[in-house]
Amino acid sequence: MIRILCLAIGYCCGLIETGVLYGKIKGIDIRKYGSGNLGMTNALRVMGPKAGLVVFIGDLLKAFIPCLIANITFRNIYPDAYMLYVLYTGFGVVLGHNFPFYLGFKGGKGISSSAGAILGLLNPWMCLILLTIFLVTVLITRYVSLGSILLLLSFAITYVIFALKGMLCFDQNVPDSKAAMIESIVLACILALLAIIRHKENIGRLLRNEENKLSFRRSKPKPVKTDEE
């Protein structure tokens, strides 16, 4: 029941689509321009740097805040398993962001929200490692999509290493805590897999050397191409 509750609360928080809300303020339906994505990168390209920053912060906070609350709430109740519930909350947010029911289940790619969930674990070393990987990748290649994919892949790998090395809350000598650790590892890997699936088109463009590079210049909004076109 706790898992379901965390997922449900997370999903409801994920339904706050910052890109759509900010676009409406600016008189733009972001779903109809650029890539049609609701996240930071498309907001940056369609509406400019300020919009990209606002959408990034909004999508990050809508995951970080509920995950932080889950962390504080369950840390004392389940001291050797609370990170599992933080991850369930974060996973719910990502699902809500990626698949909002009121938008026909067509949302974003969940990277900013995933980052907020990772921050909600309150593990500074993990955050520092992942932030470094993301920034170095984007600065060198200027591909936000590649940085995003590597961020989530690195999260899954780092989480597994930290968990097995006893650097997280889990106690492998306690059966219930060990079971929670294994479950949380599976959840972390699912988050990474979901990010890869959501970026399958980006991966194709990267392989064809057709992916757009990061630019802080606002481009003229172009309508999303449809199958009929």
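## Helix packing and single residues: worked exercises

Leaving aside residues up to four places away in sequence, T18 touches V54, V55, G58 and D59, where contact means heavy atoms within 4.5 Å. The model is predicted, so local features need pLDDT of at least 70 and side-chain atom pairs count only at pLDDT 80 or more, while totals for chains, interfaces and linings use all residues. Residues are numbered from 1 along each chain as its sequence is written, and side-chain values use heavy atoms, with hydrogens and water left out.

**Exercise 1. Find the helix that holds T18, and classify T18 as buried or exposed.**

Step 1: T18 lies in helix α2, residues 18-25. Helices here are DSSP runs of H or I with at least four residues, strands are runs of E with at least two, and both are numbered from the N terminus.

Step 2: The relative accessibility of T18 is 11%, so T18 counts as buried. The scale calls a residue buried under 20% relative accessible area, exposed over 50% and partly exposed in between, using a 1.4 Å probe and protein chains only.

**Exercise 2. Check the confidence of the model before going further.**

Step 1: Start with the average, which is a pLDDT of 91 for the protein. On this scale, pLDDT is the predictor's confidence in each residue, from 0 to 100. A score of at least 70 is reached by 93% of the residues.

Step 2: Now look at residues 225-229, where the pLDDT is below 50. This stretch has 1 contact in the model beyond near neighbours in sequence.

**Exercise 3. Describe how α4 packs with α6.**

Step 1: Take the geometry of helix α4 (residues 49-77) and helix α6 (residues 111-120): their axes come within 7 Å and cross at roughly 30°. Axes are lines fitted to C-alpha atoms, for helices over the stretch in contact, and angles run from 0 to 180 degrees between N-to-C directions.

Step 2: Name the arrangement. The angle makes α4 roughly parallel to α6; under 35 degrees counts as roughly parallel, over 145 as roughly antiparallel, 65 to 115 as roughly perpendicular and the rest as oblique.

Step 3: Add the hand, which is right-handed for α4 and α6. A crossing is right-handed if the near helix is turned clockwise from the far one by less than a right angle, and left-handed if anticlockwise.

Step 4: List the partners. On the α4 side they include F56, D59, L60 and F64, and on the α6 side they include S112, A115 and L119. The residues of this contact divide into 9 nonpolar, 5 polar and 2 charged. In this count Ala, Val, Leu, Ile, Met, Phe, Trp, Tyr, Cys and Pro are nonpolar, Asp, Glu, Lys and Arg are charged, and the others, Gly among them, are polar.

**Exercise 4. Treat the packing of α9 with α5 and with α10 in the same steps.**

Step 1: Helix α5 (residues 82-98) and α9 have axes 9 Å apart at an angle of about 20°, and are therefore roughly parallel to each other. Their crossing is left-handed.

Step 2: Among the residues that meet are L84, L87 and F91 in α5, and L187, L191 and R198 in α9. By class, this contact has 11 nonpolar, 2 polar and 2 charged residues.

Step 3: The axes of α9 (residues 175-198) and helix α10 (residues 200-207) come within 4 Å and cross at roughly 60°. That makes α9 oblique to α10.

Step 4: I196, I197 and R198 of α9 make this contact with K200, N202 and I203 of α10. The classes for α9 with α10 are 3 nonpolar, 1 polar and 2 charged.

**Exercise 5. Trace the surroundings of G92 and L121.**

Step 1: G92 is found in helix α5, and its relative accessible area of 1% makes G92 buried. Outside the four places on either side in sequence, G92 touches L7, G10 and Y11.

Step 2: C13 is 79 residues from G92 in sequence, yet their C-alpha atoms are 8.2 Å apart.

Step 3: L121 sits in the loop between α6 and α7 (124-141) and counts as buried at 1% relative accessibility. Its contacts, with residues up to four places away left out, include N71, M83, F155 and Y159.

**Exercise 6. What is notable about the phi of L122 and of R142?**

Step 1: Recall that most residues other than glycine have a negative phi.

Step 2: L122, which is not a glycine, has a positive phi of about 55°. L122 is in the loop between α6 and α7 and is partly exposed at 41%.

Step 3: R142 also has a positive phi, near 65°. R142 is found in the loop between α7 and α8 (144-164) and, with a relative accessible area of 42%, is partly exposed.
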